[in-house]
Amino acid sequence: MVQRVWARQLMAAAVMGGVWPAAALAADVNVTSDTTTGVNLDSDVGSTAEIASGVNVSNGIAQDVVTAATSAWTVTNSGTITSDFAQDVVLSVGGSSVVNYGVIDGSSNNAIVLANGGSATNEAGATITTAMI
């Protein structure tokens, strides 16, 4: 199965003039259903996390919503991340990144905190709202 997938990807890359397809690999952590208790990536293995389109992620207990403090992560959001009482995405290790295709609503606090550096990309049509800069 894996070999066939790689073969198809290599063929697609050849057809596309050597360009590797963007969706070649799945995320290590996939959030596919709504949660009101946030996502702590420190308990997961990997370095990529994806929040699916239509999924709402929040944390109603005054704690940051999507967090990682022990290793660098790339978080891709296609859903909605929001908190009324804390920060939305807090990645504490340098080299972390956030790619937003959906909504990150930090209207009551910071939307994204990259504590030791990293990058944030807001794709066309996506929204990041923050109360603090």
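The following exchange asks how some descriptions of this predicted model are justified.

Reader: What makes up the secondary structure of the protein chain?

Author: The chain has 1 helix and 13 strands. Along the sequence the helix comes first and the strands follow, in the pattern α-β-β-β-β-β-β-β-β-β-β-β-β-β.

Reader: How do you know which parts of the protein chain to read with confidence, in terms of pLDDT?

Author: The mean pLDDT is 84, and 80% of the residues reach 70 or more. Residues 1-16 stay under 50, with 12 contacts beyond four places in sequence in the model. Residues 18-25 are also below 50, and that stretch has 12 contacts beyond near neighbours in sequence. Where pLDDT is low, the predicted coordinates should not be read in detail.

Reader: Why is Asn 110 called buried?

Author: Its relative accessibility is 16%. The cut-off for buried is under 20%, so Asn 110 counts as buried. Asn 110 sits in the loop between strand 10 (103-106) and strand 11 (112-114).

Reader: What makes the pair of Asn 110 and Gln 87 a polar contact?

Author: The distance between the two side chains is 2.9 Å, and the limit for such a pair of N or O atoms is 3.5 Å. The pair is therefore within the limit and is listed as a polar contact.

Reader: Why is Ile 128 called partly exposed?

Author: The relative accessible area of Ile 128 is 32%. Buried requires under 20% and exposed requires over 50%, so a value of 32% falls in between and Ile 128 is partly exposed. Ile 128 belongs to strand 13.

Reader: What does Ile 128 touch, not counting residues up to four places away in sequence?

Author: Ile 128 touches Asn 100, Ile 104, Ala 111, Ile 112 and Asn 122. In addition, Ile 128 and Tyr 101 are 27 residues apart in sequence, with their C-alpha atoms 9.6 Å apart in space.

Reader: Why does strand 1 (29-31) have one side without a neighbour in the sheet?

Author: The sheet is open, with 5 strands in the order 1-3-6-9-12 and parallel pairing. Strand 1 and strand 12 (118-122) stand at its edges, each with a single partner strand, so one side of each is left without a neighbour. Neighbouring strands of this sheet are turned by 10° against each other on average, direction ignored.

Reader: How do you know that strand 6 and strand 9 pair?

Author: Pairing takes at least two bridges. Strand 6 (residues 74-77) and strand 9 (residues 96-100) are joined by 4 bridges, so they meet the requirement. They run parallel, and Thr 74 stands opposite Ser 97 in strand 9.

Reader: What joins strand 3 to strand 1, and what joins strand 3 to strand 6?

Author: Strand 1 and strand 3 share 3 bridges, with Val 31 opposite Ile 51. Strand 3 and strand 6 share 4 bridges, and Ala 49 has Val 75 as its bridge partner in strand 6. Both counts reach the required two, so both pairs qualify.

Reader: What makes the side chains along strand 3 alternate?

Author: In strand 3 (residues 48-51), Ala 49 and Ile 51 point to one face and are buried. Thr 48 and Glu 50 point to the other face and are not buried.

Reader: Which residues touch the most other members of the largest nonpolar core?

Author: They are Leu 41, Ile 51, Val 57, Val 66 and Ile 81, in a core of 19 residues. Strand 1, strand 3, strand 5 (66-68) and strand 8 (89-91) each supply at least two residues of this core. Leaving aside neighbours within four places in sequence, the contacts of Ile 51 include Val 31, Val 57, Val 66 and Ile 81.

Reader: How do you know that strand 4 and strand 7 pair?

Author: They are joined by 3 bridges, and at least two are needed, so they pair. Ser 58 lies in strand 4, and its bridge partner in strand 7 is Thr 82. These strands belong to an open, parallel sheet of 4 strands in the order 4-7-10-13. Its edge strands are strand 4 (56-58) and strand 13 (127-130), each pairing on one side only.

Technical notes
Residues numbered from 1 in each chain as written. Heavy atoms only, no water. Buried < 20%, exposed > 50% of the residue type's maximum accessible area, 1.4 Å probe, protein only. Polar contact = N/O pair within 3.5 Å; in protein donor to acceptor, adjacent residues only side chain to side chain. Axes fitted to C-alpha atoms, helices over the stretch in contact; angles between N-to-C directions. Core = buried A, V, L, I, M, F, W, Y, C linked by side-chain atoms within 4.5 Å. Contact = heavy atoms within 4.5 Å. pLDDT = per-residue confidence, 0-100.
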